[in-house]
Amino acid sequence: MDEKALRLLIENGAVKKVNIIGRGGSLFVEVLTQSGAHIVTTQKGQMKTWANINTAAKWIHSLGIGIITLKIAKWQ
């Protein structure tokens, strides 16, 4: 799911939960909707990743999401 699709889901109230997940040396965003879990991707279809929590959280906040879950058990 790219940013454009995510914005549409947010506007329509379809997003139930947003997770920032750490794996290895990077972070990625998982969005939970009624149809299941979706990983946020770039426009080229690759998983969108961040190097630090601040930039990932700021990006999510800029979309209008105020509550997230942070999962860092596998983050190094």
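Let's start at the surface. The chain exposes about 5000 Å². Carbon and sulfur atoms supply 52% of that area. One caution before going on: this is a predicted model.

Now charge. The chain carries 10 positive side chains and 4 negative ones. The centres of these two sets lie 7 Å apart.

Next, overall dimensions. Along the principal axes, the C-alpha atoms fill a box of roughly 35 × 25 × 25 Å. The radius of gyration is 12 Å. A compact globule of 76 residues would have one near 11 Å, so the chain agrees with that expectation. Of the 76 residues, 28% count as buried.

On to the fold. There are two helices and five strands. Reading along the sequence, the order is α-β-β-β-β-α-β. What share of the contacts between residues at least 6 apart in sequence joins residues at least 24 apart? The figure is 49%.

Let me zoom in on one pair of strands. Strand 2 covers residues 26–33, and strand 3 covers residues 36–39. They run antiparallel, and four bridges join them. Two residues sit between the strands, and the pair forms a hairpin. Within that pairing, Leu 32 of the chain stands opposite Ala 37 in strand 3.

Stay with strand 2, and look at Val 29. Is Val 29 buried or exposed? Buried: its relative accessible area is 1%, and the cut-off for buried is under 20%. Now its surroundings, leaving out residues up to four places away in sequence. Val 29 touches Val 18, Asn 19 and Ile 20. It also touches His 38, Ile 39 and Val 40. Lys 48, Trp 50, Trp 59 and Ile 60 complete the list. Take Ile 60 from that list. Val 29 and Ile 60 are 31 residues apart in sequence, yet their C-alpha atoms are 8.6 Å apart in space.

A general reminder while we are on strands. In a regular strand, side chains alternate between the two faces of the sheet.

Last stop: Thr 41. Where is Thr 41 placed? It lies in the loop between strand 3 and strand 4, the latter being residues 49–50. Loop or not, Thr 41 counts as buried, because its relative accessibility is 18% and the cut-off is under 20%. What is Thr 41 in contact with, leaving aside neighbours within four places in sequence? One group is Met 1, Asp 2 and Glu 3. The other is Gln 46, Met 47 and Lys 48. Lys 48 is also on the contact list of Val 29.

Note on methods. Residues are numbered from 1 along each chain as its sequence is written. This is a predicted model: local features need pLDDT of at least 70, side-chain atom pairs count only at pLDDT 80 or more; totals for chains, interfaces and linings use all residues. Side-chain values use heavy atoms; hydrogens and water are left out. The radius of gyration is taken over C-alpha atoms; the globule rule is 2.2 Å times the number of residues to the power 0.38. Buried means under 20% relative accessible area, exposed over 50%, partly exposed in between (1.4 Å probe, protein chains only). Contact means heavy atoms within 4.5 Å. Accessible areas come from the Shrake-Rupley method with a 1.4 Å probe; for residues, only the protein chains shown count as cover. Lys and Arg count as positive and Asp and Glu as negative; His and the chain ends are not counted. The place of a charge is taken as NZ of Lys, CZ of Arg, CG of Asp or CD of Glu. Two strands pair if DSSP finds at least two bridges between them.
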